[in-house]
Amino acid sequence: MKAIFHIDVNSAYLSWEAMDRLKRGERLDLRKVPSVVAGDPKKRNGIILAKSIPAKKYGIKTGESLMEAFQKYNKLIVLPPNYGLYMGCSHAMNEIFKEYTPLVQRYSVDESFMDYSDMEHLFGEPLKVAHEIKDRIREELGFTVSIGVSTNKLLAKMGSDLKKPDAVVTLYPDEIERKMWPLPVEDLFMVGRRTGPKLHNMNIHTIGDLAKTDVEFLERVLKSHGVMIWRYANGIEDSKVLGGRREIKGIGNSTTIPYDVTEKEDAYLVLLSLCETVGMRLRAGGYTARLVSIGIKTSQFFYYSHQRKVDTPTNHTNTLYEYAKELFDEAWQKEAVRHLGVRVSELEDAGVTQLTLFEDTEKYERGKRLDETIDRLRMKYHHTCVFRGSFANTKIKPLQGGVGEEDYPMMSSLL
DNA sequence: TCTGGGGTCCTAGGACCC
DNA sequence: TCTGGGGTCCTAGGACCC
């Protein structure tokens, strides 16, 4: 029998923070009061990353600014994010899943799929196993999850959204009409902030409305996306639960700068700090990249990007930086810059790097050895132990963006 | 006391080649 | 000295996810 589970940690960042503080002897359970995990408004990234259920009751939403949240409830408790903690909790949870089946797909830090098809003989009926997993996570790890149980990933995912916290919900095909069709269409996976309003304009308001709409009409107006959401509305989806590791497609780091940048030299410094982390992650993964792109967000929140294929795939910090500067110069319209990003894609195996004719192999080898040496020092001591002199006496941090923890889950918007 | 950072995939238009 | 279509590569931008 087909049995797919989707496990979703309830208010993940907030629950994990609350649990960690209880373990450290704090008396107050943050899950029981209006509280949020949020960035720092002083650094201009003060948005809500997670909220407690009591905070939700005041209308506080993930993604809105701290200011907006305070206007809804002025005694809100605000906690900074702690990504290391989240990684640990996520890992512990996934270890439990793997006791039941090797087919575990980590969809994000707080969501996983499990394929428990045809395994009743091992641990019992799917519904019983789902309850067992949910209860074990609560008892052994101290946080709660919602588990959706069905015959495919889409329905399992939609199911896990139906009840929280600490719940197991089935959403089998014969339950779609009763449990899923009455929901507003924007609750459907893959109907986001652009498609939702478009559908309402077409008089499609519920998932049921969408399911009963002519699919050829949807294809005409929304292209392949229209066909996909129509299939989802009807519970049709057959992708596999991808166990193990998956090929990574690209690596990028970006950052909001605490002040608006108007000087090219300041932008260069930020780009260098981003190239450092992107380069480290490339090298740590054994990749080179054939495509380099930069992104610029202006103080007016206008975003644009510029990219270029490179003739020799690279993972050298300095080479990435040369390209990033060049791309920035070509793209920048001299507006005040709020946010900068560097991303590489079209990754290749670093082992097979082929120099183009006429390339300076001497210089190449020196650059490679320098990167390797710095990576080793940063690994052995602390990533802040070596930094470029150009960052001295500036307000820019020498490294910016995550440095790719071994275990960082693949993010993907595809099932 | 203003709006994050990490991803994936799709589409459209222009260049270029046959 | 006119008409053209198909295929692929490259780039920019947009949509979605957590």
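**Figure 1. Helix and strands beside DNA strand B.** In this predicted model, three elements each supply at least two residues of the surface near DNA strand B: helix 11 (215–233), strand 9 (250–261) and strand 12 (337–349). If you want one element to look at here, try strand 9, which gives the largest share of that surface, 7 residues.

**Figure 2. The residues around DNA strand B.** How many residues surround DNA strand B? There are 29, and the closest are N253, S254, T256, R281 and F301. Of the atoms of DNA strand B that come within 4 Å of the protein, 68% belong to sugar and phosphate. Sorted by class, the surface near this strand is made of 13 polar, 9 nonpolar and 7 charged residues.

**Figure 3. Side chains at the phosphates of DNA strand B.** Zoom in on three side chains, each with a polar atom by a phosphate oxygen of DNA strand B. For H339, an N or O atom of the side chain is 2.9 Å from a phosphate oxygen. R338 also brings a side-chain N or O atom to a phosphate oxygen, here at 3.1 Å. K223 places a polar side-chain atom 3.4 Å from a phosphate oxygen of DNA strand B.

**Figure 4. Two strands beside DNA strand C.** Now turn to the other DNA strand. Strand 5 (104–108) and strand 11 (303–314) each contribute at least two residues to the surface near DNA strand C. Which of the elements gives the most to this surface? That is strand 11, with 6 residues.

**Figure 5. The residues around DNA strand C.** DNA strand C is surrounded by 19 residues, and S108, D110, T195, H306 and Q307 are the closest. Sugar and phosphate make up 93% of the atoms of DNA strand C that come within 4 Å of the protein. By class, this surface holds 7 charged, 7 polar and 5 nonpolar residues.

**Figure 6. Backbone and side-chain atoms at the phosphates of DNA strand C.** This view pairs one side chain with two stretches of backbone. H306 uses its side chain: an N or O atom there is 2.3 Å from a phosphate oxygen of DNA strand C. At Q307, a polar backbone atom is 2.6 Å from a phosphate oxygen. M190 likewise offers a polar backbone atom, 3.0 Å from a phosphate oxygen of DNA strand C. As you look, recall that H306 and Q307 are both among the residues closest to this DNA strand.

Conventions
Residues are numbered from 1 along each chain as its sequence is written. Chains are lettered from A and ligands numbered from 1 in the order in which they are written. This is a predicted model: local features need pLDDT of at least 70, side-chain atom pairs count only at pLDDT 80 or more; totals for chains, interfaces and linings use all residues. Side-chain values use heavy atoms; hydrogens and water are left out. A residue is near a molecule or strand if one of its heavy atoms lies within 4 Å of it. A polar contact is a pair of N or O atoms within 3.5 Å; within protein, one must be able to donate a hydrogen and the other to accept it, and residues adjacent in sequence count only if both atoms are side-chain atoms. Helices (H or I, at least four residues) and strands (E, at least two) are DSSP runs, numbered from the N terminus. Ala, Val, Leu, Ile, Met, Phe, Trp, Tyr, Cys and Pro count as nonpolar, Asp, Glu, Lys and Arg as charged, and the others, Gly among them, as polar.
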